[in-house]
Amino acid sequence: MRILVLSDLHSNATALDAVLSAAKGHWDLSVCLGDVVGYGPDPNEVTARLLEMGTQTIRGNHDKAVTGLMITDDFNPVAKAAVEWTRAQLKPEHLAWLSALPHGPLATDGVVLVHGALQDEDEYVFTPAQALDGLLDSTAEVTFFGHTHHQGGFSYQDSQLEVLQIRPRPSESFAALRIEEPRRYLLNPGSIGQPRDGDPRAAFAIADLDHQTVEFWRVPYDIVAVQERMRLAKLPEPLIQRLTVGR
Ligand code: ZN
């Protein structure tokens, strides 16, 4: 069984469509690690795609902020403006679906899903020290996390923690990681809608645990078209600019 792993879509339907067309025929079921909305211009379109696909989705901090489940005092002014714009755009049925999303960690289909850290859905996992608890305490060998918008991850065996630099080169579509039991993995598919690891292409992963592989994908999409819709919507300029560089 092949699992399509989506994360941090951030209301970017053009990026999501590029991902779905690249992944077509390569997966059997789909999961999403949260931040369906926030930042981008297409909150209803992106929510509708996940509903159509029946994607098993957990909530992210932006989904919580938009639906009023979290106060936005900690958000910077730019993120806060996007939250308010998104809330005003969303159809009532989409707001209802987003506000009912379960929180991580969620065990499903042999893997565990979290948005941020295993112990705290809103915490970032950037460093090996931050990854250690998740690697040790998860109920599955392979745990997927998002929130940082950085593709890659960590693995652990015999008290050795390894940082996985597993991003495809600019000329490649994907890089494959071999899963070796009983090694444990904390893996980030990267962000579809707003990558921040220096590669502006949309990021996702496909896990085939029956064949012990996880593929980390990058696909180009029409960034300018998304930026034009963001300008029309009067979304904050820094959010528009960062899509070009993927930072
Ligand atoms: Zn995010």
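In this predicted model, Asp 35 has a relative accessibility of 1%, and because buried means under 20%, Asp 35 counts as buried. A good place to see what this residue does in the model is the zinc ion, where Asp 35 takes part in the coordination through OD. Its companions there are Asp 8 (OD), His 10 (NE2) and His 149 (NE2), and the coordination is at 2.2 Å. The four donor atoms subtend angles of 86 to 177° around the zinc ion, which makes the arrangement irregular.

Along the sequence, the donor residues follow the spacing D-x1-H-x24-D-x113-H. Asp 35 and His 149 thus link distant parts of the chain, being 114 residues apart. Asp 35 sits in the loop between β2 (29-32) and α2 (43-53), whereas His 149 belongs to the loop between β6 (142-144) and β7 (152-157). Like its partner, His 149 is buried, with a relative accessible area of 1%.

Turning to a helix, we come to α7, which spans residues 223-232. Its buried residues are Ile 223, Val 226, Gln 227 and Met 230. Viewed down the axis of α7, these buried residues fall within an arc of 100°, so they line one face of the helix. What do the buried residues of α7 pack against? Their packing partners are α1 (13-23) and α8 (237-245). After α7 comes Lys 234, and the phi of this residue is positive, near 60°.

Terms used:
Residues numbered from 1 in each chain as written. Predicted model: local features only at pLDDT ≥ 70, side-chain atom pairs only at ≥ 80, totals over all residues. Heavy atoms only, no water. Buried < 20%, exposed > 50% of the residue type's maximum accessible area, 1.4 Å probe, protein only. Helix = DSSP H or I, 4+ residues; strand = E, 2+ residues; numbered from the N terminus. Arc of directions from axis to C-beta. Contact = heavy atoms within 4.5 Å. Donors = N, O, S within 2.8 Å, 3.2 Å for Na, K, Ca; no water. Tetrahedral: all angles 85-135°; square planar, octahedral: opposite > 155°, others 65-115°.
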